[in-house]
Amino acid sequence: MMPDDEPILSARGLSLSFGAVRALDEVSVDLWPGEVLAIVGESGSGKSTLLRALAGEMRPDAGRVAYRDASGQDLDVHSMGEPALRRLARTEWGFVRQDARDGLRMGVSAGGNVGERLMAVGARHYGDIRAEAARWLERVEINPDRIDDRPGQFSGGMRQRLQIARTLVTRPRLVFMDEPTGGLDVSVQARLLDLIRGLVSDLGIAVALVTHDIAAARLLAHRLVVMRHGRVVEEGLTDRVLDDPRHPYTQLLVSSVLAA
Ligand SMILES: Nc1ncnc2c1ncn2[C@@H]1O[C@H](COP(=O)(O)OP(=O)(O)OP(=O)(O)O)[C@@H](O)[C@H]1O
């Protein structure tokens with residue numbers, strides 16, 4: 001079997017409760033190599049909890065998450081241990097947080113933010129690291145003249161673009177994104193979505209994306225899973241789910257966007 005015939009990430013029967021709240025109720029999802037999968041649903045439906053369980057940041061009460069690594073080995077995300085998980089996060093995975101301040105080091109220059117991820121995967125030559133950081137700043141539409149500025153001197157949109165450069169510079173195989181355009185102005189969001197779409201497709205990265213923004217999901221995602229009350233109520237190719245929603249909840253979700 002070809003390696004691409006298997007999911008890069010595969011979750012089965014994930015359940016997780018916070019007291020009486022069942023945030024995840026037997027959720028199973030697959031993410032395929034190079035695929036952008038959007039997890040959509042109303043506030044409180046369990047999207048962020050699912051993302052965190054997929055990424056090993058939150059341990060489910062039941063269920064399993066398997067990640068197929070670059071060497072083709074299947075790893076159990078919740079039993080591999082902290083050091084192995086941290087190594088994956090540094091090498092094969094990336095994270096884009098809603099608040100760029102959670103994904104950047106605010107006390108370090110823009111170039112340092114990008115360069116230190118390269119150093120974490122073994123780059124040593126200062127000139128090369130700086131040149132690669134400058135190239136990535138350009139790639140995310142930040143003037144490389146700003147390479148020595150700290151993220152605190154950047155606008156919200158620039159900070160988010162810097163977080164994307166920092167995340168993608170090491171060419172991860174799998175990136176987790178939680179509301180990457182949340183909290184930004186609409187015009188800034190549109191530009192950022194275009195940028196993310198271009199980079200993700202150029203680099204062929206698999207992305208698990210949480211968003212409550214159906215328009216963002218339509219633009220970025222190949223496939224959608226729709227969550228409600230901790231369960232997946234519908235899943236399928238993006239156009240099919242949005243143009244011909246089968247579950248009444250998805251119909252409501254799509255029509256409330258159209259009406260907005
Ligand atoms: N750390 C926590 N402690 C207690 N309850 C939590 C915690 N995290 C999430 N929950 C609850 O679990 C449910 C799912 O939350 P989650 O944040 O995953 O939803 P969401 O779909 O991502 O919502 P939003 O779009 O508002 O972030 C909600 O009822 C939430 O209140």
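Biologist: What makes Ala110, Ile142, Pro144, Arg146, Ile147 and Ala165 contacts of leucine 137?

Modeller: Contact here says that two C-beta atoms, placed from the backbone, lie within 7 Å. Leaving aside neighbours within four places in sequence, leucine 137 has those six names on its list: Ala110, Ile142, Pro144, Arg146, Ile147 and Ala165. Bear in mind that this is a predicted model, where local features need pLDDT of at least 70, side-chain atom pairs count only at pLDDT 80 or more, and totals for chains, interfaces and linings use all residues. Numbering runs from 1 along each chain as its sequence is written.

Biologist: Why is leucine 137 called buried?

Modeller: The cut-off for buried is 20 or more other C-beta atoms within 10 Å of the residue's own, while 12 or fewer is exposed and in between is partly exposed. Leucine 137 has 23 such neighbours, so it counts as buried. Leucine 137 sits in helix H5 (residues 126-139), helices being DSSP runs of H or I with at least four residues, strands E runs of at least two, numbered from the N terminus.

Biologist: What makes the largest nonpolar core a core, and where does it lie?

Modeller: A nonpolar core is a set of buried Ala, Val, Leu, Ile, Met, Phe, Trp, Tyr and Cys residues joined through C-beta atoms within 7 Å. The largest one holds 71 residues, and Leu37, Ala38, Ile39, Leu54, Val207 and Leu209 touch the most other members. Domain 1 (3-92 + 174-259) and domain 2 (104-171) both contribute residues, so this core lies between them. Those bounds come from an automatic or database domain assignment.

Biologist: Which residues does isoleucine 39 contact?

Modeller: Setting aside neighbours within four places in sequence, they're Lys47, Leu50, Leu51, Ala208, Leu209, Val210, Val225 and Met227.

Biologist: What do the two domains put into their contact?

Modeller: Their C-alpha centres are 26 Å apart, and the contact takes eleven residues from domain 1 and twelve from domain 2. On the domain 1 side, H7 gives the most, six residues.

Biologist: What makes Lys47 part of the ligand's surroundings?

Modeller: Near a molecule means a C-beta atom, placed from the backbone, within 6 Å of it. Lys47 is in that shell, along with others including Phe18, Gly46 and His212. Helix H1 supplies the largest share, three residues.

Biologist: How many residues of each class are in that shell?

Modeller: Three nonpolar, eight polar and one charged. Ala, Val, Leu, Ile, Met, Phe, Trp, Tyr, Cys and Pro count as nonpolar, Asp, Glu, Lys and Arg as charged, and the others, Gly among them, as polar.
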